[in-house]
Number of protein chains: 2
Amino acid sequence: MVARPEKGQEKGMPQYRRLYEVLRRHINEGVYNEGDLLPSENELCSVYGLTRPTVRQALSELVSDGYISKQQGRGSIVNKLPQGIGILSVSGTTSALKNKNLKTRIIVKPAMRPWPEGFMFRLSDLELESGCIYMTRLRLLDDEPIFYDISFIPAINLPRFTSRSYENRSLFEILRREYQVEIKGGEQRIRAIKADDELCSWLRIRPGDPVLHMERKMVTNRPDLKVYSSIYCNTRFHSIYGTF
Amino acid sequence: MVARPEKGQEKGMPQYRRLYEVLRRHINEGVYNEGDLLPSENELCSVYGLTRPTVRQALSELVSDGYISKQQGRGSIVNKLPQGIGILSVSGTTSALKNKNLKTRIIVKPAMRPWPEGFMFRLSDLELESGCIYMTRLRLLDDEPIFYDISFIPAINLPRFTSRSYENRSLFEILRREYQVEIKGGEQRIRAIKADDELCSWLRIRPGDPVLHMERKMVTNRPDLKVYSSIYCNTRFHSIYGTF
DNA sequence: ACAAACAACTTGTATATACAAGCATGTATA
DNA sequence: TATACATGCTTGTATATACAAGTTGTTTGT
């Protein structure tokens, strides 16, 4: 087993990543259910033609993303899939929602803007010079507005970004598919605030109602490119769910 | 972030964990500052007498705990230490706060109770039979109440638990030191709610003010033992900070 | 029937090695 | 001078192997 076969390479992904994607899809699609044991590491090795360290790397990412737990001597146990809104997990909000009717509506189409004064996170010089792509979206669950979010993306090497269609597509998905940008992690601040008039109109709530506000800074596989968003969430009927 | 043994027990630890602890302490103590590069993996190998996979395991835990970032071709970069309230990390709220004056006041001392009707998480039969240890605490930052939290712990093999002193000690710390119980992760639901009268009196806010509510279920190294808590947080002056 | 011992699995830790890919800094060339 | 390239560093990916440690089921001895 010398060089990797160049043809069947899905997107040039490393092998551990490919196994990760396969197993994650199987879990999401119900091939494995809550409490099931995944095939043992050695089985995965022989099935996929990998060695144990490689398989273990795929599994350890599944662990840190909350899909499985491992127990020494027993195996890899499939976790219950998140039932709430998995926005605390990086893997993308849409994937965790399965059967729910999640729609995304663009309020302000992606467009270049200067960065706001007193931005929520500190920006690098490169980011400041490049300007930012600004967009706001409303996300609805069963036709009820849940998220109002404002995204800020530094306009660094993202050709034709402002002319794409974002309706009902995850922003992260577009970044990954069209620009090979993957979210790798980030930081966030969360607080509860009172809704102002603008929020009320978007989220269809009353002034003074409590709203969850998240400010996030996400780092990607491109060291210069970070994605910022400010998310307002009506948690009256849905709560934000996450694992850690 | 995952709780890890304190530095007293650096004997039985695996080597990668020992290196993790050393580097983490160095970062916390300012031996390395924000933006600094850690020694390269090969340097760490020769200094600590380890091989690269072992060193990489230590580093990868530092990455997933948010202490460093890595960049191919450059090195391991020390991150800015969290400045907010790191309660989204399990490692215990106290550790991330260091220089702030965080006090814990017990409102209801740990005592046995039946589980509440309609508990926030589904309980196993064993948990239901065993009954629960109930306690409530108030946590103050610079003498201002920030957290009001209610903890539920199944009374499974935790002798003398209700007779210990918890003032100004992390609940997790006691579980770890006295019972060898380590928090390994968990899940949580977060929402913004309106403060009711009871919350107002504890958190010194006005009725109707927005409050952050977190419901968490934490799993431990003891498969049967889970810890539940319901946390109310006044985010008027402090926001909840976390990495992912 | 029961309990201890064992065997056969599982994941956890660790070594040793190799090459690929990305970054920084030099030096040689245009 | 400025661009191109070469070099030597960094981390990323992957193989191959070995033994430790924990769990589970079976076998064996009493």
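**Entry 1: a glutamate in chain B**

I started with Glu215(B), which sits in strand 7 (residues 210-220) of chain B. A reminder to myself: this is a predicted model, and I read everything below with that in mind. Is Glu215(B) buried or exposed? With a relative accessible area of 17%, Glu215(B) counts as buried, because the cut-off for that class is under 20%.

Next I looked up what touches this residue. Leaving aside neighbours within four places in sequence, I found Glu215(B) in contact with Met120(B) and Phe121(B), with Glu187(B), Gln188(B) and Arg189(B), and with Ser229(B) and Ser230(B).

**Entry 2: chain A as a whole**

I then took a quick look at chain A. I noted 6 helices and 9 strands there. The chain has 244 residues, and buried ones make up 47% of them. Of the chain A contacts with a separation of 6 or more, 60% are between residues 24 or more positions apart.

**Entry 3: two helices in chain B**

Back in chain B, I checked how helix 2 (residues 41-48) meets helix 3 (residues 52-64). Their axes are 9 Å apart and the packing angle is about 110°. That angle makes helix 2 of chain B roughly perpendicular to helix 3 of chain B.

Which residues make the contact? From helix 2 of chain B I listed Glu41(B), Asn42(B), Leu44(B) and Cys45(B), and from helix 3 of chain B I listed Arg52(B), Val55(B), Arg56(B) and Leu59(B). Sorted by type, this contact has 4 nonpolar residues, 1 polar and 3 charged.

**Entry 4: around DNA strand C**

On to the DNA. I counted 24 residues around strand C, with Arg52(A), Arg56(A), Gln15(B), Thr51(B) and Thr54(B) the closest. By type they are 3 nonpolar, 14 polar and 7 charged. Of the strand C atoms within 4 Å of the protein, 73% belong to sugar or phosphate, and bases supply the rest.

I wrote down three polar contacts from chain A:

- A backbone N or O atom of Glu41(A) is 2.9 Å from a phosphate oxygen of DNA strand C.
- Arg52(A) places a polar side-chain atom 2.7 Å from a base nitrogen of DNA strand C.
- Gly73(A) has a backbone N or O atom 3.4 Å from a base oxygen of DNA strand C.

Which elements give two or more residues to this surface? In chain A they are helix 3 (52-64), strand 1 (68-71) and strand 2 (75-78), and in chain B helix 1 (15-28) and helix 3. Helix 3 of chain B gives the most, with 4 residues.

**Entry 5: around DNA strand D**

I repeated the search for strand D. There are 24 residues around DNA strand D, and Gln15(A), Thr51(A), Thr54(A), Glu41(B) and Arg52(B) come nearest. They divide into 3 nonpolar, 13 polar and 8 charged. Sugar or phosphate accounts for 73% of the strand D atoms within 4 Å of the protein.

For polar contacts, I found a backbone N or O atom of Gln15(A) 2.6 Å from a phosphate oxygen of DNA strand D. A polar backbone atom of Glu41(B) is 2.9 Å from a phosphate oxygen of this strand. The side chain of Arg52(B) has an N or O atom 2.7 Å from a base nitrogen of DNA strand D.

The elements giving two or more residues here are helix 1 (15-28) and helix 3 of chain A, together with helix 3, strand 1 (68-71) and strand 2 (75-78) of chain B. Helix 3 of chain A has the largest share, 4 residues.

Terms used:
Residues are numbered from 1 along each chain as its sequence is written. Chains are lettered from A and ligands numbered from 1 in the order in which they are written. This is a predicted model: local features need pLDDT of at least 70, side-chain atom pairs count only at pLDDT 80 or more; totals for chains, interfaces and linings use all residues. Side-chain values use heavy atoms; hydrogens and water are left out. Axes are lines fitted to C-alpha atoms, for helices over the stretch in contact, and angles run from 0 to 180 degrees between N-to-C directions. Angles under 35 degrees count as roughly parallel, over 145 as roughly antiparallel, 65 to 115 as roughly perpendicular and the rest as oblique. Contact means heavy atoms within 4.5 Å. Ala, Val, Leu, Ile, Met, Phe, Trp, Tyr, Cys and Pro count as nonpolar, Asp, Glu, Lys and Arg as charged, and the others, Gly among them, as polar. A residue is near a molecule or strand if one of its heavy atoms lies within 4 Å of it. A polar contact is a pair of N or O atoms within 3.5 Å; within protein, one must be able to donate a hydrogen and the other to accept it, and residues adjacent in sequence count only if both atoms are side-chain atoms. Buried means under 20% relative accessible area, exposed over 50%, partly exposed in between (1.4 Å probe, protein chains only).
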